[in-house]
Amino acid sequence: MAMSDFRLAKLLYVFERFFDTDKSGTIEKDDFVLAVAQLCKIRGWPVGDAKYEKASTQFMTMWDVLRKRCYKEDDEKISPEEFCQLWRNPDKVEDWERTYMEIMFDLQDTSGDNVIDEDEFVGVCESYGINSSESRAAFQTFSHRGRVNVDKKYYEKMWREYFGSDNPADMGNFMFGKTSFGD
Ligand SMILES: [Ca+2]
Ligand SMILES: [Ca+2]
């Protein structure tokens, strides 16, 4: 069954915003190197700081699990088409995806209390170049104005909705800081 335009729009948004950090049109290792630098700048972690090193290790793990899943002999680049192919089966969270999801959660939960709060979320979105008023609005929506704790369980539920659901009303659609996928 062909993927809906709505799901495709969500996948391409994540591809462009969260994976192809240097906007080269493909995902490669440099995107992850740049993402570390951008995140640590926002957090105020200098190069050489333990937190910088930890983030760097986490991003390189993300790259590694992704490239092992996608890598073809010809290059070390992942095209938008290859990326979208990864999400054909929305019912199953694959191993590489779980690794990615857990690291993304940890990166956002800077305080380490196992809940992502609004400022933690907005900070990570900002490092990926997302306007903070939009990411704040997204957080307000998926946290039901702060009434729902964004813990790992809720994060995984939203993750499944983001990558697998065709329902525009699902809260998971907002988890990457975007509030609308219409046109
Ligand atoms: Ca790139
Ligand atoms: Ca937290």
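Two residues are taken to be in contact if their C-beta atoms, placed from the backbone, lie within 7 Å. By that criterion, residues 24 or more positions apart account for 60% of the contacts in the protein with a separation of 6 or more.

The structure is a predicted model, in which local features need pLDDT of at least 70, side-chain atom pairs count only at pLDDT 80 or more, and totals for chains, interfaces and linings use all residues. Residues are numbered from 1 along each chain as its sequence is written, while chains are lettered from A and ligands numbered from 1 in the order in which they are written.

**Overall fold**

The protein has eight helices and zero strands (DSSP runs of H or I with at least four residues for helices, and of E with at least two for strands, numbered from the N terminus). Its radius of gyration, taken over C-alpha atoms, is 16 Å, close to the 16 Å that the globule rule (2.2 Å times the number of residues to the power 0.38) gives for 183 residues, so the protein is as compact as a globular protein of that length. Along the principal axes, the C-alpha atoms fill a box of roughly 40 × 40 × 30 Å. Of the 183 residues, 25% count as buried (20 or more other C-beta atoms within 10 Å of the residue's own).

**Helix 2 and helix 6**

Two packed helices are described by the angle between their axes and the distance between the axes. The values for this pair are tabulated below.

| Property | Helix 2 and helix 6 |
|---|---|
| Distance between axes | within 8 Å |
| Crossing angle | roughly 135° |

The axes are lines fitted to C-alpha atoms over the stretch in contact, with angles from 0 to 180 degrees between N-to-C directions. Helix 2 and helix 6 are therefore oblique to each other (neither under 35 degrees, nor over 145, nor 65 to 115). At their interface, Gln38, Leu39, Ile42 and Arg43 in helix 2 meet Gly123, Val124, Glu126 and Ser127 in helix 6.

**Helix 7 and Asn173**

Helix 7 (residues 132–142) contains the buried residues Ser135, Ala138, Phe139 and Phe142. They cover an arc of only 100° around the axis, which puts them on the same side of helix 7. These buried residues pack against helix 6 (118–127) and helix 8 (152–164). Just after helix 7, His144 takes a positive phi of about 50°.

Asn173 is placed in the segment after helix 8. Asn173 counts as buried because it has 22 C-beta neighbours inside 10 Å. Its C-alpha atom is separated by 8.4 Å from that of Phe142, 31 residues apart along the chain. Leaving aside neighbours within four places in sequence, Asn173 is in contact with Lys10, Glu161, Tyr162, Pro168 and Phe181.

Note on methods
Buried ≥ 20, exposed ≤ 12 C-beta atoms within 10 Å, placed from the backbone. Arc of directions from axis to C-beta.
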